[in-house]
Amino acid sequence: MLRVEDLVVHYRTRAGTVQAVDGVSFSLGKGRTLAVLGESGCGKSSLGRGLLRLLPRNVKTYSGSIFIGDLDTMALGNHRYRRDVRWQRLALVPQAAMNTLNPVLKVGYQVAEPLLVHRQVNHKSEAFKKVSGLFSLLGLSSDFLNRYAFELSGGMRQRVAIAMALIADPDVVILDEPTSALDLLTQANIMNVLKQIKKDMGMTFIFITHDVGTASELADDVAVMYAGEIVELARAGDFYTNPRHPYSEKLMASVPTLREEKELQFIAGQPPSLINPPVGCRFAARCHKRLPQCAEQEPPMVNVDRGSQVKCWLYQQSDALIGGGENEERRSSFGA
């Protein structure tokens, strides 16, 4: 459904060039959900906006390949991209729904607008009929069509934003921290809505979040980002039971569980500057398993068992771990 190859998004600032997304590649199958995990500032939202070509004026470099099916979206001009791709092939649910919704327009019209702009329907009545059906699926009555955004709660506004993304039947929906601004109960309700939509509509999602636990409810696959790069790609079941990259291990170790008592861990230090990222592995300065070559040479992305990929010197192309006796602790921790 979606294939991304060597995507680069760099921003121009007074302090220098920010390498927000630096050579990201992945693919996503139809009906699957890819969770993009990582700390704040690692490039997750820039990745989502790069896929949708929603870039600020200070973008310096925007390159790579983005295929939706056989369509190379990077080869399209801006006008054709807006006409043929945005909303119809790719859509976005942003972090803050209130900042997305127009306060002087009723939400029913705002959700119906993509249908009218892209001429998927001939009359407003058809558009509002489809919006009403989608609202019902999302747990909103038809009365909400005539309400303004400021009349709705945070959870209701988020459901409206989800409806806006789904209304034109896109191939892929990008969910950029869709529950981060909501209370825990509302988060749970929104996640249940998303799971129901995925089941009923077979929707393909990219779920961007820093919340490792929340991502587990929806994810089929996981991509872990650090300092503008993907450092691990894996099936969700494999990632949550056996994270490979040392950064992934620490992310999982920071999540509390109900089934076992464990001491929660944290990652010492701060992520590197994306203006002057370090030579070699960008996680090396904070890594508890670093090797001498980690600070000298950038590790390759290598394949390990069950289709997982890891960007780490602890692995080599033969799917085996580097090193001998002194690395036995690493060997038992990561597996072969």
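A cavity is a set of grid points where a 1.4 Å probe fits but cannot get out. With that in mind, here are three exercises on this predicted model.

**Exercise 1. Describe the two cavities.**

Step 1: Start with the count, which is two cavities of 30 Å³ or more.

Step 2: Add the volumes. The largest cavity holds about 60 Å³ of space, and the second largest has about 50 Å³.

Step 3: Look at the walls. Of the 13 residues lining the largest cavity, Pro-246, Cys-281, Cys-287, Cys-294 and Cys-312 lie nearest its centre. Its lining has ten nonpolar, one polar and two charged residues. The lining of the second largest cavity includes Tyr-226, His-245, Cys-281 and Lys-311; by class it divides into five nonpolar, one polar and four charged.

**Exercise 2. Decide whether Cys-281 and Cys-294 are joined in a disulfide.**

Step 1: Recall the cut-off: the two sulfur atoms must be within 2.5 Å.

Step 2: Check the distance. For Cys-281, the nearest cysteine sulfur is that of Cys-294, 5.7 Å away, and Cys-281 is in no disulfide. Cys-294 is in no disulfide either.

Step 3: Widen the search. The whole structure has zero disulfides.

Step 4: Ask whether each cysteine is buried or exposed. Cys-281 is buried, at 14% relative accessible area, and Cys-294 is buried too, at 9%.

**Exercise 3. Explore the largest nonpolar core.**

Step 1: Find its extent: 103 residues, with Leu-51 and Phe-26 among those having the most contacts inside it.

Step 2: Find the top contributor. Helix 6, residues 154-166, gives the most, with seven residues.

Step 3: Follow Leu-51. Beyond its close sequence neighbours, its contacts include Val-4, Phe-26, Tyr-81 and Ile-206.

Note on methods:
Residues are numbered from 1 along each chain as its sequence is written. This is a predicted model: local features need pLDDT of at least 70, side-chain atom pairs count only at pLDDT 80 or more; totals for chains, interfaces and linings use all residues. Side-chain values use heavy atoms; hydrogens and water are left out. A nonpolar core is a set of buried Ala, Val, Leu, Ile, Met, Phe, Trp, Tyr and Cys residues joined through side-chain atoms within 4.5 Å. Buried means under 20% relative accessible area, exposed over 50%, partly exposed in between (1.4 Å probe, protein chains only). Helices (H or I, at least four residues) and strands (E, at least two) are DSSP runs, numbered from the N terminus. Contact means heavy atoms within 4.5 Å. On a 1 Å grid over the protein atoms alone, a cavity is a set of points where a 1.4 Å probe fits but cannot get out, and a pocket is an open set with protein on both sides within 12 Å along at least five of seven lines; lining residues have an atom within 4 Å of a point. Grid points are joined across faces, edges and corners, and a volume is the space filled by probe spheres set on the points. Ala, Val, Leu, Ile, Met, Phe, Trp, Tyr, Cys and Pro count as nonpolar, Asp, Glu, Lys and Arg as charged, and the others, Gly among them, as polar. Lists of a residue's contacts leave out its neighbours within four places in sequence.
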